[in-house]
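Here are my notes for anyone opening this one fresh. Have a look at the picture, then walk through the points below.

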Amino acid sequence: MNEDSTKEMSRAGEGSLFDNWIDAIEDGVRSRVRDFIETLLEEELTQVLARPRYGRRQAGETGDGATASGVRNGHRERSLTGTFGKTRIAVPRARLTGEDGSTREWRSTALRAYQRRTQAADALIASAYLSGTNTRRVRRALAAVFAGPVGKDVVSRTWRKVQGDWDTWNKRALDEEPIVRLILDGTVVRVRLDRRATSISMLVALGVRADGQKVLLSIRSMGGESEAAWRAMLDDLVARGLRTPELLIVDGAPGLEKALAALWPAVPLQRCTVHKHRNLIAHAPERLHEEISNDYRDMIYAATRQEIEAKRTAFLRKWRLKCRAVADSLEEAGDKLFTFTRFPPSQWRSIRTSNAIERLHEEFKRRIKTQTVLPCAETAAMLFWALLASGQITMRKVDGWQTLLESPTNQTIDLAA
């Protein structure tokens with residue numbers, strides 16, 4: 001018997017992965033769900049009325065806790081979908097009598113009015129959507145879990161329930177946030193605007209607290225990254241109490257730098273070294289890219305400020321002769337490209353780039369890849385926020401956070417070359 005036939009017999013003995021899907025434990029649990037929920041609701045009503053079903057309260061008798069006068073009024077059928085699947089339950093009814101003699105319908109606190117899904121079910125649907133699955137795929141993926149179909153409109157309605165939390169987050173006060181650093185960057189996403197796919201800019205503000213923890217401060221969907229667009233975001237942050245940061249980290253967008261210069265002219269600004277590297281190689285033919293990259297990395301990642309100054313001088317002298325546009329592009333950044341040298345070396349890695357936001361952009365783009373075009377601009381920003389709020393994306397402390405409270409020096413890079 002050859003090896004292939006042996007493997008085939010082994011697989012035949014094990015059975016197919018999709019065979020025997022019936023699970024006695026799951027079936028047993030789901031069959032008892034109805035009794036459990038109905039018992040829970042009956043006990044809640046019994047506690048409110050301070051008497052069991054068919055029981056009578058004696059004259060002058062008072063129950064423990066919050067009790068009310070009233071009478072039971074039969075049951076009504078309702079369907080409820082949870083992680084246990086969809087089941088029909090009999091919800092007890094009662095009419096409660098107030099002190100003024102008026103009556104009202106009893107409402108359960110465990111099962112809200114018009115509730116058709118448990119909170120765990122809604123959380124599962126929202127988590128599946130946030131993990132990067134579109135509404136139709138969520139419906140198919142969760143059909144087996146809920147033991148029934150989940151319409152894409154249900155997924156959309158469940159997702160929209162976070163709208164209230166999103167609105168609250170956008171209006172929260174920032175005066176208690178000990179922000180010492182502000183990282184700003186934007187990205188382009190495709191949304192449906194006036195029934196057409198349109199590219200918009202999503203502006204993101206990320207703060208760094210005094211303890212080194214990164215925190216998302218604001219997300220705004222704008223038509224572009226102009227000075228006015230960035231100024232609108234920054235003014236909103238200031239209006240909500242954001243303190244003046246000690247350092248600004250940006251990607252080098254002209255509109256952003258103009259907005260920051262007008263608002264916080266005295267705050268040190270660091271240009272992202274990764275973005276500048278892309279600019280440099282864009283000014284040279286492809287055959288020179290590797291050489292430029294090596295020289296640039298030797299300069300940016302030098303161990304001391306003095307070494308960086310020397311390597312910058314050598315870089316400019318070499319590339320003025322070899323490719324003038326590359327040298328001009330480096331000079332354009334000025335000392336803003338080397339602001340990190342004014343801080344303790346342990347912080348250089350976290351200051352040199354805007355990678356903290358770039359990573360969030362990459363994760364966000366990966367999650368929305370299956371959707372191609374988002375429904376609207378607000379949905380794009382809300383989805384970005386929800387990925388962090390739900391814990392789908394987490395952020396760690398910045399490198400060198402132990403020395404964040406140390407004051408930077410006034411020494412800047414010597415620009416003479």
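1. Start with Glu257, Arg271, Lys276, Glu332 and Lys336, which a network of salt bridges ties together. A salt bridge here is a side-chain nitrogen of Lys or Arg within 4 Å of a carboxyl oxygen of Asp or Glu. The structure holds 24 salt bridges.

2. A word on the source: this is a predicted model, where local features need pLDDT (the predictor's confidence in each residue, from 0 to 100) of at least 70, side-chain atom pairs count only at pLDDT 80 or more, and totals for chains, interfaces and linings use all residues. Residues are numbered from 1 along each chain as its sequence is written, and side-chain values use heavy atoms, with hydrogens and water left out.

3. Average pLDDT for the chain is 83, and 81% of the residues score at least 70.

4. Now look at Glu177 and Arg209, whose side chains form a salt bridge (2.8 Å, N to O). This pair links distant parts of the chain, 32 residues apart: Glu177 sits in the loop between helix H6 and strand S4, Arg209 in strand S5. Glu177 is buried (under 20% relative accessible area, 1.4 Å probe, protein chains only; exposed is over 50%, partly exposed in between) at 14%. Arg209 is partly exposed at 24%.

5. Helix H11 has a salt bridge too: Arg305 with Glu309, closest N and O atoms 3.1 Å apart. They are four residues apart in H11, so about one helical turn separates them. Both Arg305 and Glu309 are buried.

Notes. Helix = DSSP H or I, 4+ residues; strand = E, 2+ residues; numbered from the N terminus.
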